[in-house]
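This report describes selected features of one protein chain for a reader who is new to structural biology. Please keep the sequence and the structure in view while reading.

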Amino acid sequence: MSELRVNSIEKRSGDNVSMSDPLKLKSVTTTQRDALSSPQAGDTVYNSSTGTIDFYNGSGWFATSATTYTTTVDYLVVAGGGGTGYYYGGGGGGGGLRSTVGNTGGGGSLETALTITDGDTVTVTVGAGGANSATSGTSSVFSSISTVGGGGGARSNTDNADSGGSGGGGSYQRTSGGAGTANQGYAGGTASSQSSYQRATSAGGGGAGAVGQNSPNYNDGGDGGIGVVCNILSASNANTRSVGEVDGSDVYYAGGGGGCNGDQSSGNPGDGGKGGGGDGFDNTNDGTNYASYDAGDANTGGGGGGIPGAGAAGGSGVVILKYPNTKTITVGAGLTSTTDTEGSNKITTFTAGTGNVSWAS
């Protein structure tokens, strides 16, 4: 066989060749590789489209590994908040919240960013808020990350609140709040034992950051549990996109709805938890003007506020993804999204729908 003796390349026994410097193969894109004229079996190139070493076996090109290009993606995934029901319904629970940035829900530890192979598609779903009939919210999803919708608040004195990402609040005659989901949210509060509906109160729904407050007596509704701060999207951009509840430089998500007070109560309804939770209905001052109910804020996962009438809806959820600004995201049909650049990262915010996304260099 021929021998190549140039600089530090030398022939070794056993027909091996040793080099002290790296071997640089011809670099081509997949399109350029496929356009090479008359390749021969054993021809080898570096494929810059996939980051692989490809060889020709006499009939086609084959990669020696899966693509080496990946994208590391941080996420905030918030499910839809729970709605509340009629007859002094308890506040709706905040949507379940999972995050790799700032805080995650239910007192859990921050999660680990996902590594997505470039070109692979993964699913994104933005959960809806629960309807104004004590309905729980629906799940939000990013790839393998799924969250639980907020629990609906209890209706009248005949049923307990629903469990969820965070649990809904109880209604009068001491119905119990719903349980939260571990590492996503907290339980809703328990209502007062007062039996008369005219002096009835309801409890607050749980939030991602704290339990919903019990209604302390037959005059005052319980406050909704607070959400958590997650500044994956800056406060200025969150405000522009109408996502999260902005307070100074912080953005809160997944607050619980506040409980209402009764017709003849002398106290106050509960406040919604920071993070989009709706305030409870003030029965003493608002009379039967049920149209003034306070729903959870859109794209926060906030629970609806407690109300004696038709009920209040929960706020829709949100999915926010952060990844290097050297990468390009492709968003499939069915999703509503906006992409911002913040420093060395891009932030894509999904506010509605379901569909597939993928990344490329």
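Strand β7 pairs with strand β16 (residues 318–324) in the antiparallel sense, over five bridges. The model discussed here is a predicted one. Within this pairing, Leu76 has Ile320 of β16 as its bridge partner.

## Further partners of strand β7

Strand β7 covers residues 70–78 and also pairs with strand β9 (residues 114–117), in the antiparallel sense and over four bridges. There, Val73 stands opposite Leu114 of β9. Strand β8 (residues 97–99) is another antiparallel partner of β7, joined over three bridges. Ser99 in β8 lies opposite Leu76, the residue whose bridge partner in β16 is Ile320. As background, the strands of a sheet pair through backbone hydrogen bonds, in either a parallel or an antiparallel way. In a regular strand, the side chains alternate between the two faces of the sheet.

## An open sheet of three strands

Another part of the model contains an open sheet of three strands, arranged in the order β13-β15-β14 with antiparallel pairing. Which strands form its edges? The edge strands are β13 (228–229) and β14 (245–247), because each of them pairs on one side only. Strand β15 comprises residues 250–253, and its antiparallel pairing with β14 runs over three bridges. In this pairing, Glu245 has Tyr252 of β15 as its bridge partner.

## Salt bridges

Side chains of opposite charge can pair when their charged atoms come close. The model contains six salt bridges. The table lists three of them.

| Pair | Closest N to O distance |
|---|---|
| Arg33 and Asp34 | 2.9 Å |
| Arg241 and Asp340 | 2.7 Å |
| Asp247 and Lys274 | 2.7 Å |

Arg241 and Asp340 form a salt bridge. Arg241 belongs to helix α2 (residues 235–241) and Asp340 to strand β18 (residues 335–342), so this pair ties together parts that are 99 residues apart in sequence. Are the two residues buried or exposed? Arg241 is partly exposed, with a relative accessible area of 29%, whereas Asp340 has 8% relative accessibility and therefore counts as buried.

Asp247 and Lys274 form a salt bridge as well. Asp247 lies in strand β14 and Lys274 in the loop between β15 and α3 (283–286), so the pair ties together parts that are 27 residues apart in sequence. Asp247 is partly exposed at 37% relative accessibility, and Lys274 is partly exposed with a relative accessible area of 28%. Through Asp247, this salt bridge involves strand β14, which is an edge strand of the open sheet.

Arg33 and Asp34 also meet through their side chains. Together with Asp54, Arg33 and Asp34 are linked in a network of salt bridges. Arg33 has 12% relative accessibility, so this residue counts as buried.

## Two serines with positive phi

Most residues other than glycine have a negative phi. Ser38 has a phi near 50°, a positive value in a residue that is not glycine. Ser38 is placed in the loop between α1 (30–34) and β4 (44–47). Its relative accessible area is 55%, so Ser38 is exposed.

Ser242 likewise has a positive phi, of about 55°, although Ser242 is not a glycine. The position of Ser242 is the loop between α2 and β14. With a relative accessible area of 52%, Ser242 is exposed.

## The surroundings of Gly212

Gly212 is located in the loop between β12 (145–146) and β13. At 6% relative accessibility, Gly212 counts as buried, because the term applies to values under 20%. Which residues does Gly212 touch, not counting residues up to four places away in sequence? Under that condition, Gly212 touches Ala187, Gly188, Gly189, Gly204, Gly205, Gly206, Asp223, Gly224 and Gly225. In addition, Gly212 and Tyr186 are 26 residues apart in sequence, and their C-alpha atoms are 7.6 Å apart in space.

Key
Residues numbered from 1 in each chain as written. Predicted model: local features only at pLDDT ≥ 70, side-chain atom pairs only at ≥ 80, totals over all residues. Heavy atoms only, no water. Pairing = 2+ DSSP bridges. Salt bridge = Lys/Arg side-chain N within 4 Å of Asp/Glu carboxyl O. Buried < 20%, exposed > 50% of the residue type's maximum accessible area, 1.4 Å probe, protein only. Contact = heavy atoms within 4.5 Å.
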